[in-house]
Amino acid sequence: MPWQDSSPILYTRRDATFTCVVNNLGGYRVSGEATPARVAWIKADAKAILAIHEHVITNNGRLSVTHNDYNTWTLVIRSVKMEDRGVYMCQVNTDPMKMQTAFLEVVIPPDIVYEETSGDMMVPEGGSAKLVCKARGYPKPKIIWRREDGREIIARNGTHGKMKATVVEGEMLSLTKVTRSEMGAYMCIASNGVPPSVSKRMKLQVHCKFA
């Protein structure tokens, strides 16, 4: 009872295909009955029967099943959503029962949450600025900050104290005692291993004090 494409990893809105090969199914009989054995598709973690033989049971228009009239059954999930993530089972109701399982992983590329992310700002020289960058996606995106001109960032993040680095990690970039040399464009970049990475540019203006 081979199982093909057993652990697909898919982007949302793509199609997932599970293929189950069962040889000599016509030779099986369910214990105590003359009914031929059937192939069923089950979402194991939800304990939900999706289809039996060539008939979809679940009320989900994105699912379909096909049989090549020989030994191959195929389950297709169109336009995959996060809710489709989980364990799928191809099961034959013989005695003893035969089954194969696979896990469908669904990933989402990163996306900047603009309504929760800082824009351009102006601060007085010697003042402080907090730049915030929020991103969504699955797995959870990692945020890094860079200066557009490639110069070092002088940052103060939490308990780490003052630091200089060309790259700073975290959703919030805290700048204290800002000088005019720190004026310029800052880039927040979100990535989670699912291409493409995304970024947002924020321009920091420093209002200089004159004697």
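These legends walk through several close-up views of a predicted model.

**View 1. The whole protein, for orientation.** Let us begin with the full chain before moving in. The protein has 211 residues, and 41% of them count as buried. Its secondary structure consists of 20 strands and zero helices. The accessible surface comes to about 11,900 Å², with 51% of that area belonging to carbon and sulfur atoms. Which share of the contacts between residues at least 6 apart in sequence joins residues at least 24 apart? That share is 57%.

**View 2. An open sheet of five strands.** Here the strands follow the order S11-S20-S19-S14-S17, and their pairing is mixed. Two of them are edge strands, pairing on one side only: strand S11 (121-124) and strand S17 (168-169). At the S11 edge, the neighbour is strand S20 (residues 198-207); the two run parallel and are joined by four bridges. To find your place along this pair, look for Met121, which stands opposite Leu204 in S20.

**View 3. Glu169 at the other edge of the sheet.** Moving across to strand S17, we meet Glu169. Is this residue buried or exposed? Glu169 counts as exposed, because its relative accessibility is 53% and the cut-off for exposed is over 50%. Another residue to pick out in this view is Lys142: its C-alpha atom is 7.7 Å from that of Glu169, although the two residues are 27 apart along the chain.

**View 4. The disulfide between Cys20 and Cys90.** A disulfide is a covalent bond between the sulfur atoms of two cysteines. The protein has two disulfides by count, and this view shows the one formed by Cys20 and Cys90, with sulfur atoms 2.0 Å apart. Distant parts of the chain are linked here: Cys20 sits in strand S3 (residues 16-21) and Cys90 in strand S9 (residues 86-92), 70 residues apart. The torsion about their S-S bond is about -85°, so this disulfide is left-handed. Cys20 counts as buried, at 0% relative accessibility, and Cys90 is buried too, with a relative accessible area of 0%.

**View 5. The disulfide between Cys133 and Cys188.** In this close-up, Cys133 is joined to Cys188, with an S to S distance of 2.1 Å. Cys133 lies in the loop between strand S12 (129-132) and strand S13 (135-138), while Cys188 belongs to strand S19 (residues 184-191), so the bond ties together parts that are 55 residues apart in sequence. Strand S19 is also a member of the five-stranded sheet in View 2. What is the handedness of the disulfide of Cys133 and Cys188? It is right-handed, because the torsion about the S-S bond is about 45°. Both cysteines are buried. With the bonded cysteines numbered in sequence order, the pairing in the protein reads 1-2, 3-4.

**View 6. Lys43 and its surroundings.** The last stop is Lys43, in strand S4 (residues 39-43). This lysine counts as buried because its relative accessibility is 11%, and buried means under 20%. Its side chain makes a polar contact with the side chain of Asp45, at 3.4 Å. Leaving aside residues up to four places away in sequence, Lys43 touches Ala48, Leu50, Glu83, Asp84, Arg85, Gly86, Val87 and Tyr88. Among these, Gly86, Val87 and Tyr88 fall within strand S9 (residues 86-92), where Cys90 from View 4 is also found.

Conventions. Residues numbered from 1 in each chain as written. Predicted model: local features only at pLDDT ≥ 70, side-chain atom pairs only at ≥ 80, totals over all residues. Heavy atoms only, no water. Pairing = 2+ DSSP bridges. Buried < 20%, exposed > 50% of the residue type's maximum accessible area, 1.4 Å probe, protein only. Disulfide = S-S within 2.5 Å. Polar contact = N/O pair within 3.5 Å; in protein donor to acceptor, adjacent residues only side chain to side chain. Contact = heavy atoms within 4.5 Å. Areas by Shrake-Rupley, 256 points an atom, 1.4 Å probe, with all protein chains shown as cover.
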